[in-house]
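Student: I'm new to this one, so could you pick a single part and take me through it slowly?

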Amino acid sequence: MGRTKNGDVIDEHAPSEKYGTLRDRKKQDIFLRKDIVEKEKPDVFIIIHANAIPVRL
């Protein structure tokens with residue numbers, strides 16, 4: 001597993017890193033996932049993205 005907590009991979013694996021924009025943070029999050037895969041060499045790597053959508057009642 002790339003992470004075991006809510007939040008992005010950076011929150012769990014590089015919490016002290018700071019980025020100028022949300023776009024930069026998201027790019028680095030993807031690069032960090034790649035680094036984890038290269039290090040761990042899993043047989044299968046699956047990423048599921050589910051964006052939060054606020055519900056209005």
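Tutor: Let's start with Lys-41, which is exposed because its relative accessible area is 63% (exposed means over 50%, buried under 20%, and partly exposed in between, using a 1.4 Å probe and protein chains only). A quick word on the ground rules: this is a predicted model, where local features need pLDDT of at least 70, side-chain atom pairs count only at pLDDT 80 or more, and totals for chains, interfaces and linings use all residues. Residues are numbered from 1 along each chain as its sequence is written, and side-chain values use heavy atoms, with hydrogens and water left out.

Back to Lys-41: it sits in the segment after H2, and its phi is near 50 degrees, a positive value in a residue other than glycine. Now step back into helix H2, residues 22–40 (helices are DSSP runs of H or I with at least four residues, strands are runs of E with at least two, and both are numbered from the N terminus).

Asp-29 lies in this helix, and so does Arg-33. Asp-29 counts as buried because its relative accessibility is 5%; Arg-33, at 15%, is buried too. Their side chains make a polar contact at 2.9 Å (a pair of N or O atoms within 3.5 Å; within protein, one must be able to donate a hydrogen and the other to accept it, and residues adjacent in sequence count only if both atoms are side-chain atoms).

What else do they touch, leaving aside neighbours within four places in sequence? Asp-29 is in contact (heavy atoms within 4.5 Å) with Asp-8, Val-9 and Ile-10. Arg-33 is in contact with Arg-3, Val-9, Phe-45 and Ile-47, so Val-9 turns up in both lists.
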